[in-house]
Amino acid sequence: MDLTRRTFLKLTGGTLAAATVANLGFVKRRAYAQGPGELRIRAARETTSICPYCGVGCGHIVHASGGKVINIEGDPEHPVNEGSLCSKGSALFQVANNEKRLTKVMYRAPHSTKWETKTWDRALTKIAANMKKTRDETFVEKDASGRVVNRNEGTACLGGAALDNEECYLYSKFARTLGVVYLEHQARI
Amino acid sequence: MTNHWIDIRNSDCIMIIGSNAAENHPISFRWVTKAMENGATLISVDPRFTRTSSKADIYAPLRSGTDIAFTGGIINHCLSNKLYNEEYVLNYTNAAHLVNPQYGFKDGLFTGFDPKKMTYDKSTWQYQMDDKGFPKRDPTLKDPNCALNLMKAHYSRYTPDMVAKVTGCPKEKFLEVANAYCATGARDKVGTIMYAMGTTQHTHGTQNVRSYAVLQLLLGNIGLAGGGINALRGESNVQGSTDHCLLFHIIPGYLGTPQADHVDLKTYLDKRTPKSNDPNSVNYWKNLPKFMVSLLKAFYGDGAAKNNDFGYSYLPKIEGNYSHIALFEKMYEGGIKGLFILGQNPAVGGPNSRMEKKAMENLDWLVAADLWETETANFWQGPEVTDPKKVKTEVFLLPAAGSVEKEGSITNSGRWAQWRYKAVNPPGDAMDDLYILNGVFTRLRALYKKEGGKFAEPILNCAWNYGEHPDPHAVAKEINGYDHGTGKLLVNFTKLADDGTTSSGNWLYSGSYTEDGNMMARRGKEDPTGIGLYPNWTWCWPVNRRIIYNRASCDTKGNPWSPKRAVIKWNGSEWVGDVPDYGKTVPPEKGVGAFIMKPEGFARLFGMGLADGPFPEHYEPLESPVNNLLSKQEKNPVIVVWGCAMDCVGDAKDYPIVATTYRLTEHWQAGAMTRSLPWLVELMPDMFVEMSPSLAKAKGIKHGDIVKVISARGEIQAYALVTKRFKPFNLNGKMVEEIGMPWHYGYSGICCGSTANDLTPNVGDANTMIPEFKAFLCDVQKA
């Protein structure tokens with residue numbers, strides 16, 4: 001096919017518009033890829049996932065190759081989204097491939113003006129020491145009326161709505177076992 | 001959600017109120033659209049003409065903070081025109097239950113208010129009991145003290161004229177909504193209500209939700225396909241994180257956190273387990289002892305035995321409030337020494353966020369695990385910190401794993417727990433949160449073993465044996481629970497025991513991972529009912545019941561109110577369809593109460609449980625431009641205002657404009673997961689404030705100008721977006737403007753902007769302490 005610049009633009013514009021409509025999820029029509037060479041995802045490993053943004057729980061298909069995510073798209077088998085995604089769900093590829101992602105354990109010493117990097121072991125060991133010190137210093141075994149309350153009042157825990165269930169459960173077990181009562185997360189706000 | 005996303009397609013009328021689903025839950029709109037294609041009516045009620053409103057058949061504006069005036073008006077319309085489903089209301093709600101004759105309501109206050117303590121004594125908000133200990137009922141509905149008649153009297157003040165004066169919604173528009181929605185009171189019609197944070201983030205947010213639930217009960221819409229009351233959850237697993245109770249007042253499975261006066265397990269169970277004398281009431285919470293003991297066994301294993309009260313003393317006992325606002329108030333006073341955060345950004349997402357950032361300067365240490373450097377992690381170098389050298393806090397910023405970099409389940413709004421797989425390793429040194437929790441806990445335990453310390457027993461006896469890196473499957477199985485006699489995974493929570501022979505980390509999730517495998521990973525597409533339940537797709541709590549309260553989807557004889565979308569039905573020998581609410585073979589003639597979670601078996605039009613009254617009553621927000629027209633009581637009488645030096649409250653004299661906040665499709669929550677994504681940043685690059693052309697004209701502001709938005713808490717800058725989506729409200733003759741702005745922005749990431757929460761008040765709902773983000777006062781000026 002002999003493409004001039006003008007027909008090329010027309011074609012890609014048309015494809016783009018179709019893709020946009022399809023993404024809104026109102027059109028259920030199989031798309032046939034027509035392109036030179038092999039599909040980028042042909043040899044990729046395919047796994048399913050669920051979108052990490054809102055609570056609709058749309059299905060994702062993730063293609064990975066060479067230890068990298070090379071494509072993420074809506075899962076057409078998923079009964080809620082049937083392949084469609086919103087702009088955030090469509091952009092998840094840029095969470096998996098993003099130069100701004102944290103890749104090191106960062107540490108800021110008291111009164112310091114900068115971040116430095118640490119190993120996991122150094123950081124986790126110091127965090128545990130800090131948590132023990134705070135717990136031992138602020139622990140309330142009995143309240144004013146003499147009732148046993150066993151509260152770690154100087155420590156607060158936040159977060160969880162973006163974690164997996166298994167992580168949430170373990171976080172709850174972790175905090176309760178340490179006696180933390182200031183345990184809160186996004187559901188409260 | 002009582003129902004689920006696909007089920008929206010089964011509705012005849014969808015009222016979206018306190019939510020902009022088209023913008024914030026875009027894929028939910030596939031199902032709204034399908035319902036509309038089948039002839040459903042869409043109603044959008046919102047202060048702003050939103051993307052949702054643009055698709056609606058009826059758009060009704062209302063001033064932020066006046067939901068109860070609006071829904072109270074619909075309830076009045078429904079009752080006074082007898083548009084309710086009488087058989088449903090009589091048999092499934094407490095409409096006929098007789099209330100204590102001492103109960104009353106006057107001048108905006110219910111009986112039992114203590115002005116010194118600012119709380120209610122609820123002893124008059126109770127049923128009259130007969131000599132067998134059953135609540136008294138009058139099935140003729142003639143007794144003036146039956147709940148339905150008390151409700152009629154209560155809402156008789158909520159006339160269409162009153163609704164218009166309070167909310168600013170034109171009377172004709174209100175009546176159009178009331179007529180369209182109340183049409184679902186017909187036997188074979190069904191309507192659904194979709195709501196989100198526009199409903200909950202108010203000082204009367206819980207009562208806003210209750211007013212919707214009451215309306216749905218009157219119209220006979222709970223339990224049916226295409227009905228229910230549906231909270232649209234904003235985060236991918238905020239349903240699961242709530243089920244696992246990362247909240248001070250509940251422990252996994254919505255069990256109440258032990259209080260200081262629950263001195264031992266027996267006292268806790270005696271005080272917490274509801275009793276019912278009625279053999280026809282399932283009273284499901286009677287099983288609390290089984291749930292609690294099994295939870296303690298999951299937490300403490302062999303350390304939980306009969307002779308030590310199953311480790312009950314290991315759990316902290318609360319007295320008072322430890323919610324988000326209380327937590328930051330305590331931190332501001334210097335009472336919190338360390339803050340441990342797994343994926344939350346309160347420096348942007350918290351109320352009065354300037355105060356929250358200031359409070360963090362009092363911390364000795366902060367741990368924050370996230371995918372990006374957030375405003376919370378780097379608060380010590382934020383724009384309001386003049387000298388980071390003066391900030392003492394030791395900060396650990398831990399690189400976490402994203403959704404495709406770990407394995408585990410998340411639960412959507414429809415209660416579906418869905419498994420996701422790991423596609424790749426996290427980047428660099430990043431690790432998942434199971435690793436982080438395990439790494440800290442095992443080191444802490446080693447320290448307590450070596451050095452001793454305060455009350456080390458729970459830490460030393462905790463059943464925490466996950467090796468170097470916890471396996472999510474092992475944790476999921478622990479949540480599901482085991483029979484310790486056989487060593488096998490439990491089939492579901494009906495097998496739980498209160499004698500220590502079973503364990504389950506969360507009874508609601510029992511059945512999610514059984515000897516038959518990981519139910520949350522299932523991908524079966526069968527739809528035997530044809531109404532989109534997909535019972536073999538992943539797994540949903542409780543016991544894979546896709547629509548809860550489904551007994552109420554049938555009339556008293558067991559026939560579906562709407563046969564074409566039957567959820568369950570009685571076939572003469574058993575209930576078929578969805579997993580039924582109670583016994584598969586218990587016949588309808590037995591008359592077992594439909595609402596199994598209530599001791600009396602009836603849903604409550606008249607409710608005893610909330611802090612601020614048995615009926616939802618309209619009060620003005622903490623900051624309001626007008627006086628309450630419905631009573632002398634201006635604000636919700638039982639709200640708590642902490643009042644530290646940074647908790648200022650504004651007055652309409654200085655701040656005459658109502659303000660609200662909202663979200664955008666292209667950004668998410670406090671921005672950490674979107675403001676560093678170039679595609680999304682390009683689509684929505686800047687902070688803006690929407691205002692009406694009339695307000696812009698009065699203030700000399702043009703579209704695109706940079707403006708200052710000022711509240712009693714602070715001042716921010718944003719681009720003016722002048723739009724007819726906002727219009728001034730006519731409130732009993734006084735014209736009041738409203739503005740709105742997104743709350744996603746902060747100073748980190750590749751797109752930055754002012755934080756809207758620098759303006760919002762530090763005051764919470766009377767029941768939940770959810771902050772009043774959605775209605776406060778401000779002023780706008782050209783910058």
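Is Asn283(B) buried, partly exposed or exposed, and at what relative accessibility? In the predicted model examined here, Asn283(B) has a relative accessibility of 4% and therefore counts as buried. The residue is placed in the loop that runs between helix 12 and helix 13 of chain B, and its phi is near 45°, a positive value in a residue that is not glycine.

The two helices on either side of this loop were examined next. Helix 12 of chain B and helix 13 of chain B pack at an angle of about 145°, and their axes lie 10 Å apart; in this arrangement helix 12 of chain B passes helix 13 of chain B in a right-handed crossing. On the side of helix 12 of chain B the contact is formed by Leu265(B), Tyr268(B), Leu269(B) and Arg272(B), and on the side of helix 13 of chain B by Leu288(B), Pro289(B), Met292(B), Val293(B) and Leu296(B). When the residues of this contact are divided by class, 8 are nonpolar, none is polar and 1 is charged. Helix 12 of chain B, which spans residues 265-272, has as its buried residues Leu265(B), Thr267(B), Tyr268(B) and Leu269(B), and the elements that cover these buried residues include strand 11 (255-256) and helix 13 (288-300) of chain B.

Met292(B), one of the residues through which helix 13 of chain B meets helix 12 of chain B, is also named in the description of the nonpolar interior. The largest nonpolar core comprises 86 residues, and those with the most contacts inside it are Phe174(A), Met292(B) and Phe340(B). For Phe340(B), leaving out residues up to four places away in sequence, the residues touched in chain A are Ile127(A), Met131(A), Ala156(A), Cys157(A), Leu158(A), Tyr171(A) and Phe174(A), while those touched in chain B are Trp365(B), Val367(B), Ile436(B), Leu437(B) and Val440(B). A second core, separate from the largest one, has 76 residues, among them Leu90(B), Tyr103(B), Leu148(B) and Leu217(B).

Chain A, to which Phe174(A) belongs, has 189 residues, of which 55% are buried. Its secondary structure consists of 5 helices and 8 strands, and these elements follow one another from the N terminus in the order α-β-β-β-α-α-β-β-α-β-β-α-β. Among the contacts in chain A with a separation of 6 or more, 33% are between residues 24 or more positions apart.

A second helix pair in chain B was also characterised. Helix 4 (residues 67-80) of chain B packs with helix 10 (residues 205-218) of chain B at an angle of about 15°, with 9 Å between their axes, and the two helices are therefore roughly parallel to each other. Helix 4 of chain B passes helix 10 of chain B in a left-handed crossing. From helix 4 of chain B the contact draws on Asp67(B), Ile68(B), Thr71(B), Ile74(B), Ile75(B), Cys78(B) and Leu79(B), and from helix 10 of chain B on Gln207(B), Asn208(B), Ser211(B), Tyr212(B), Val214(B), Leu215(B) and Leu218(B). By class, the contact of helix 4 of chain B with helix 10 of chain B has 9 nonpolar, 4 polar and 1 charged residues.

Several further loop residues of chain B were considered individually. Asp107(B), in the loop between strand 4 (105-106) and strand 5 (109-110) of chain B, has a positive phi of about 50° although it is not a glycine, and with a relative accessibility of 40% Asp107(B) counts as partly exposed. Met118(B), located in the loop between strand 6 (113-114) and strand 7 (119-120) of chain B, likewise counts as partly exposed, at 39% relative accessibility. Apart from its neighbours within four places in sequence, Met118(B) is in contact with Phe113(B), Pro637(B) and Val638(B). Arg48(B), by contrast, is buried, with a relative accessible area of 8%, and is found in the loop between strand 2 (41-45) and helix 3 (51-55) of chain B. Residues up to four places away in sequence being left out, Arg48(B) touches Asn20(B), Ser53(B), Tyr59(B), Tyr662(B), Glu690(B), Arg725(B) and Phe726(B). Finally, the peptide bond from Trp541(B) to Pro542(B) is cis, with omega near -5°, and Pro542(B) lies in the loop between strand 22 (539-540) and strand 23 (568-570) of chain B.

Notes: Residues numbered from 1 in each chain as written. Chains lettered and ligands numbered in written order. Predicted model: local features only at pLDDT ≥ 70, side-chain atom pairs only at ≥ 80, totals over all residues. Heavy atoms only, no water. Core = buried A, V, L, I, M, F, W, Y, C linked by side-chain atoms within 4.5 Å. Buried < 20%, exposed > 50% of the residue type's maximum accessible area, 1.4 Å probe, protein only. Contact = heavy atoms within 4.5 Å. Axes fitted to C-alpha atoms, helices over the stretch in contact; angles between N-to-C directions. Helix = DSSP H or I, 4+ residues; strand = E, 2+ residues; numbered from the N terminus. Parallel < 35°, antiparallel > 145°, perpendicular 65-115°, else oblique. Left-handed = near helix turned anticlockwise from the far one by under 90°. Nonpolar A, V, L, I, M, F, W, Y, C, P; charged D, E, K, R; others polar.
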